Amino acid sequence: MAFRVAIGGIWHETNTFARGRTTLDDFRAYQFATGRELLDRYRGTGTELGGMIEWASATGIELVPTLFAGAVPSATIARDALDAMCGDLVARVKAAGPLDGVLLVLHGAAAAEGIDDADAHVLAELRAAVGPRCPIAATFDFHANLGAAMVRHADVLVGYDTFPHIDMAERGREATELLERMLGNAARPARALLKLPLLTVPQMQATGLPPLSRLYERLHAIESAAGRWCGSIAMGFPYADGPELGAGVLFYADEQAQADSAVRVLANELWAAREDFVPMLTPVEEAVAAAMASAETPVILVDAADNVGGGAAGDGTVLLASLLKARAQGAVVVIADPAAVAKAAASGEGGSFEGEIGGKQDDQHGAPVPIKGRVRLVRDDARYRHTGSYMRGYETSMGPSAVIDVDGVAVVLTARRTMPFDDGQLRCLGIVPEAQRIIVVKSALAWRAAYGAVAKRVIVVDTPGVGASNVARLNYLRRPHPMFPLERDAQFSAYTR
């Protein structure tokens, strides 16, 4: 008889510095599936769920779909939203009847009102529902702020090995394979977690470049040794202020000594490279001038402080205002502003547009910018299917959208915040990325999955906002002390712990 395994999850990267609350409607607007729809929607996609479904299908595991909910990274999750989703997930697991295991997709940097570690909360509720003997395996994001409670309530946690994230399906398959090793078997791997007093920002966390490329080579070499199950390096999410903030190393093995040894080696090497994670930033006007003067194009201007994939509003105007002031040509900027989209739609294609755009969600990313231009294009619902390395096969909707030509700058207005992780974001609106002189990306590093192949020059800009690259700009209230680089004299040694 086939093993019966529940599958589901709740995924959110929470920016606690962002204004407002993330509601149940925000989850429903991005990724929300229950029952059979979960399997139908994610089968064949480059997602954790897609990988889980693929491995289960190949090995004869019967998957019992429950609930999966994911929201675009944003502000703190409303408590009633978390309670509703977690309650639904647990109820579906209980209603599934006898289960041999549970597969989950989590993030590791989710926070809700009154709950610093929402991922650990979900795991604790599920553990109470299925009991101590039912194995639970879950995936988590590279940016997880891993904590002891999350590790305690799961039998195996598998983190992404890549940033930009292109291995979600692989990690879903790995988590399913490891769960399969535990099905019908009382044995569980030993586990070890080491937290470091290290705070790093996303644009310095490329896993294909040193120092992380070297660390992952070491990680994979250790994983290949006899008795080792799996290991993960979680670089943490610097914009989720809380007690578990910061980098961590996690390892599973047959023996406790094996797991302990692995995390000590990896944690010490990570700490030794801490200076390599401090970013070099360019002031706004200097960055725009350099982009305009560049002989090689496109130039990517990285607006990491307004990183949609890091919880920012996506309506920051600092770079747009500077580009317009400098009379830049051939530039494209995406701004989330549903009111401006409606105004453009009312004018119609070929019509004129005059009004203020952006800067409406908060006062942290620049003021609204007055523009005058021509409406090039209007779409009732701009959609694209991912064809690149990030979530290949998944469809994203930007909602009603418009393109406004403003003195040489193409302003893309969208009703929904959209992460620039696939070039379909521009191509679905008739904009050819490689033909642009300047592309502003509201992202830290994951934009490379979309535009890395066409970028001729990259400038990381020192913009203000909730995703600031200079973490000294942020008002931390709940973080551990000390933490590098906020406290340059922070000390760490894995062998004294």
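**View 1. The open six-stranded sheet of the predicted model**. In this predicted model, six strands form an open sheet with mixed pairing, and their order is β2-β3-β1-β4-β5-β6. The edges are occupied by β2 (31-34) and β6 (156-159), each of which has a single partner strand, so one side of each is left without a neighbour in the sheet. Direction ignored, neighbouring strands of this sheet are turned against each other by 20 degrees on average.

**View 2. The pairing of β5 with the edge strand β6, and the helices packed on the sheet**. Strand β5 (residues 136-140) runs parallel to β6, and the two pair over four bridges; phenylalanine 140 has glycine 159 of β6 as its bridge partner. Helix α4 (residues 79-95) packs on the sheet, where it touches β1 (4-11), β2, β3 (62-70) and β4 (101-105), and the direction of α4 makes about 175 degrees with that of β3. Helix α7 (residues 168-182) also packs on the sheet, touching β1, β4, β5 and β6, with a direction that makes about 160 degrees with that of β6.

**View 3. The packing of helix α8 against helix α9**. Helices α8 (residues 212-223) and α9 (residues 256-272) pack with their axes 10 Å apart and at an angle of about 170 degrees, which means that α8 is roughly antiparallel to α9. On the α8 side the contact is made by Leu212, Leu215, Arg218, Leu219 and Ile222, and on the α9 side by Ala262, Val265, Leu266, Glu269 and Leu270. Among the residues of this contact, eight are nonpolar and two are charged, while no polar residue takes part.

**View 4. The buried face of helix α11 and the residue that follows the helix**. In helix α11 (residues 318-325), the buried residues are Leu319, Leu320, Ser322 and Leu323. Seen down the axis of α11, these buried residues fall within an arc of 165 degrees, so they line one face of the helix. Arginine 327, which follows α11, has a positive phi, near 60 degrees.

**View 5. The surroundings of leucine 486**. Leucine 486 lies in the segment after β19 (457-460) and has a relative accessible area of 26%, so this residue is partly exposed, the limit for a buried residue being under 20%. With its neighbours within four places in sequence left aside, leucine 486 is in contact with Leu199, Val471, Ala472, Tyr476 and Arg479. Leucine 486 and arginine 327 are 159 residues apart along the chain, and their C-alpha atoms are separated by 37 Å.

Conventions: Residues are numbered from 1 along each chain as its sequence is written. This is a predicted model: local features need pLDDT of at least 70, side-chain atom pairs count only at pLDDT 80 or more; totals for chains, interfaces and linings use all residues. Side-chain values use heavy atoms; hydrogens and water are left out. Axes are lines fitted to C-alpha atoms, for helices over the stretch in contact, and angles run from 0 to 180 degrees between N-to-C directions. Angles under 35 degrees count as roughly parallel, over 145 as roughly antiparallel, 65 to 115 as roughly perpendicular and the rest as oblique. Contact means heavy atoms within 4.5 Å. Ala, Val, Leu, Ile, Met, Phe, Trp, Tyr, Cys and Pro count as nonpolar, Asp, Glu, Lys and Arg as charged, and the others, Gly among them, as polar. Buried means under 20% relative accessible area, exposed over 50%, partly exposed in between (1.4 Å probe, protein chains only). The arc is that of the directions from the helix axis to the C-beta atoms. Two strands pair if DSSP finds at least two bridges between them.
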